[in-house]
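Student: Can we go through the labels on this one? I'd like to see the reasoning behind each of them.

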Amino acid sequence: MSKKVLTTSFHEEKHLKRDLKNDNPLSSANKFSAGESKVVLKKKVTLFRGISIIIGTIIGAGIFISPKGILKSSGSVGISLVIWTLCGILSLFGALSYAELGTCIKKSGGYYSYILEAFGALPAFVTVWVELLVIRPAATAVISLAFGQYILEPWFTPCEIPPLAVKLITAFSITLVMFLNGTSVSWSARIQMFLACCKLVAIMVVIVPGLILLFKGQTQNFRNAFSYESIDVMGLPLAFYAGMYAYSGWFYLN
């Protein structure tokens, strides 16, 4: 008799645990979550769009602004070419270092992630806020002012461009870019591709005729290229800074 009661109690307890398991709200929620589709960002940036974004970021306004500043600050054609070469080598080393960091630390965030891993949270936090409040707005202002200057120059030549007109075009361009980036990723990527192609065409328009004239023998600008009388030693740091600004953008790769 006791064996029968014990056996019946065991089976009842087993069925009770099974019913509780089936009625568990957590298990039901897990089943619902497993069948539910995840909410993720759509992949809109393709390979060609990504390449054009990198090209458009690296080839910025610096390549069109810096040559005049480098030549003026160095005071010599030969020294300016040396500065261009040194800045290019230094930028190449920086880009290779970032490529190695990108393969070692596989996190999004760029140099914020690298500073966070190497030096801790406080330096990374300060770096992000300095970038947000000072560096990025200043860089955007320089690029936009250069855009306004070059857009209006054909319409005002040979007269001087009014500063107010440049500022108005600058404000309009920043607002337009902000609106397009906030409205559609696809449209912003298409505009980035178009602008990257325009930058490449503009650079080729400058380089190819120069090489043609150089091969024709017009080398009078290279005579006495390293003349010590025209070298401005105090202006070399400014020329070097202008060269690094022209090469800047490689750190946005990661």
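Tutor: Sure. Start with a cut-off: buried means under 20% relative accessible area. Keep in mind that this is a predicted model.

Student: Then why is E131 called buried?

Tutor: E131 has a relative accessible area of 11%. The cut-off is under 20%, so E131 counts as buried.

Student: What does E131 touch, leaving out residues up to four places away in sequence?

Tutor: Y111, R136, P137 and Y252. With R136 there's also a side-chain polar contact of 2.5 Å, and the limit for such a contact is 3.5 Å between N or O atoms.

Student: Which helix is E131 in?

Tutor: Helix α7, and α7 bends by about 45° at E131. Other residues are buried in α7 too, among them A124, S144 and L152. The buried residues of the helix pack against α4 (62-74), α6 and α8 (163-183).

Student: How do you know that the end-to-end distance of α7 agrees with its residue count?

Tutor: Helix α7 runs over residues 121-156, which is 36 residues. The expected span takes 1.5 Å times one less than that number, so α7 should cover 52 Å. Its end C-alpha atoms are 51 Å apart, which agrees.

Student: On to the rings. How many aromatic pairs are there?

Tutor: Three. One of them is W84 with Y247, with ring centres 5.9 Å apart and planes at 70°.

Student: What makes the W84 and Y247 pair edge-to-face?

Tutor: Centres have to lie within 6.5 Å, and planes over 60 degrees apart count as edge-to-face. With 5.9 Å and 70°, W84 and Y247 pass on both counts, so the pair is edge-to-face. W84 lies in helix α5 (residues 77-104) and Y247 in helix α10 (residues 236-247), so the pair ties together parts that are 163 residues apart in sequence.

Student: Why does W84 count as buried, and what is Y247 called?

Tutor: W84 has 18% relative accessibility, so it counts as buried. Y247 has 30%, and between 20% and 50% the label is partly exposed, so that's what Y247 gets.

Student: And why is the pair of Y98 and Y114 called edge-to-face?

Tutor: Their centres are 5.7 Å apart and their planes at 85°, so edge-to-face again. Y98 is in helix α5 and Y114 in helix α6 (residues 111-119), 16 residues apart. Both of these tyrosines are buried.

Technical notes
Residues are numbered from 1 along each chain as its sequence is written. This is a predicted model: local features need pLDDT of at least 70, side-chain atom pairs count only at pLDDT 80 or more; totals for chains, interfaces and linings use all residues. Side-chain values use heavy atoms; hydrogens and water are left out. Rings of Phe, Tyr and Trp (its six-membered ring) pair if their centres lie within 6.5 Å; planes under 30 degrees apart count as stacked, over 60 as edge-to-face and the rest as tilted. Helices (H or I, at least four residues) and strands (E, at least two) are DSSP runs, numbered from the N terminus. Buried means under 20% relative accessible area, exposed over 50%, partly exposed in between (1.4 Å probe, protein chains only). The bend at a residue is the angle between axes fitted to the seven residues ending there and the seven starting there. Contact means heavy atoms within 4.5 Å. A polar contact is a pair of N or O atoms within 3.5 Å; within protein, one must be able to donate a hydrogen and the other to accept it, and residues adjacent in sequence count only if both atoms are side-chain atoms.
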